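Visitor: I should like to learn how aromatic pairs, helices and cavities are read from a model. May we take them in turn?
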Amino acid sequence: MYRKDITAHVSTIHYVLFHYTGPIPAEREGELAMGVGRSETSPLSSPAVQGLNTTHNSQRPSACCFCWCCCCSCSWNEDERRRRRRKRISQDNKMETIPNCEACTKPSAEEMQLWSQSFDKLMRNPAGRNVFREFLRTEYSEENMLFWLACEDLKQEKNKKSIEEKSRSIYEDYISILSPKEVSLDARVREVINKKMQDPTPHTFEDAQLQIYTLMHRDSYPRFLSSSIYKSLLHGNSRSSSES
């Protein structure tokens, strides 16, 4: 009986704190009150339950300074962020795929070979960015490239009003934790952005852009080079060159 009581109380409190967001049912209200206002002799004060709570809390990601509930992506690794984004997109049928927006000529075989030499050469080439962006879309991380491009566009802006409007748009689209296109940034960078947003400049997102560039370089670029998208493009272009 003692063990059953412990299990019942723990189940109730876990349910209310971590899962349930609506009004507390009447039948659970009493149980929660017993758990929250427990005395020293309450079953919830036992070492076993305290150990369970400690274990559960230790498994939760540490929150950044802007999100006490740990829902922002800076608390998770990149793989977990992609998994959650994949699930979110699959559940939202209204979300449309953004088409390629960079005009470019068809890349030559030599150009495509250069893409494998360094990430910088890939990112400096409009056709290379389009192909890499197509690959990122298959990994549900296209927002990284879109954010980087938006930052590049902002850097070219001279009009103060346009700078403010574009900065606000970038923040809402890629920095806000409420956006489905939120990029993965750490707490320090987010704090810097929040301060700079008080008086936006063309370089407001410079630190964030560098962090996302580094993320794409280390995380996505190696997989891109071994992807079927890049290999089939190389193969198709080399075959066309040999036939001509």
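Visitor: How many aromatic pairs does the count come to?
Guide: A pair of aromatic rings is described by the distance of the centres and the angle of the planes. In this predicted model, the count comes to eleven aromatic pairs. One of them joins phenylalanine 147 and phenylalanine 205 edge-to-face, with 6.3 Å centre to centre and 85° between the planes. That pair links distant parts of the chain, 58 residues apart: phenylalanine 147 lies in helix H8, phenylalanine 205 in the loop between helix H10 and H11. Ring pairs also link Trp115, Phe119, Phe132, Phe135, Trp148, Tyr213, Tyr221, Phe224 and Tyr230 into a cluster.

Visitor: Is phenylalanine 147 buried or exposed?
Guide: Phenylalanine 147 counts as buried because its relative accessibility is 0%. Phenylalanine 205, at 2%, also counts as buried.

Visitor: What should the 20 residues of helix H11 span?
Guide: At 1.5 Å a residue, H11 should span 28 Å, and its end C-alpha atoms are 27 Å apart, which agrees. H11 nevertheless has a kink of about 40° at aspartate 219, shortly before proline 222. Asp219 is buried, as are Tyr213, Tyr221 and Phe224 in H11.

Visitor: How many cavities of 30 Å³ or more does a search of the whole structure find?
Guide: Rolling a probe the size of a water molecule over the atoms shows where empty space is left. Here the search finds one such cavity, with a volume of about 30 Å³. Its lining includes Phe205, Glu206 and Gln209, and H8 supplies the largest share, three residues. The lining residues divide into four nonpolar, three polar and two charged.

Conventions. Residues are numbered from 1 along each chain as its sequence is written. This is a predicted model: local features need pLDDT of at least 70, side-chain atom pairs count only at pLDDT 80 or more; totals for chains, interfaces and linings use all residues. Side-chain values use heavy atoms; hydrogens and water are left out. Helices (H or I, at least four residues) and strands (E, at least two) are DSSP runs, numbered from the N terminus. The expected span of a helix is 1.5 Å times one less than its number of residues. The bend at a residue is the angle between axes fitted to the seven residues ending there and the seven starting there. Buried means under 20% relative accessible area, exposed over 50%, partly exposed in between (1.4 Å probe, protein chains only). Rings of Phe, Tyr and Trp (its six-membered ring) pair if their centres lie within 6.5 Å; planes under 30 degrees apart count as stacked, over 60 as edge-to-face and the rest as tilted. On a 1 Å grid over the protein atoms alone, a cavity is a set of points where a 1.4 Å probe fits but cannot get out, and a pocket is an open set with protein on both sides within 12 Å along at least five of seven lines; lining residues have an atom within 4 Å of a point. Grid points are joined across faces, edges and corners, and a volume is the space filled by probe spheres set on the points. Ala, Val, Leu, Ile, Met, Phe, Trp, Tyr, Cys and Pro count as nonpolar, Asp, Glu, Lys and Arg as charged, and the others, Gly among them, as polar.
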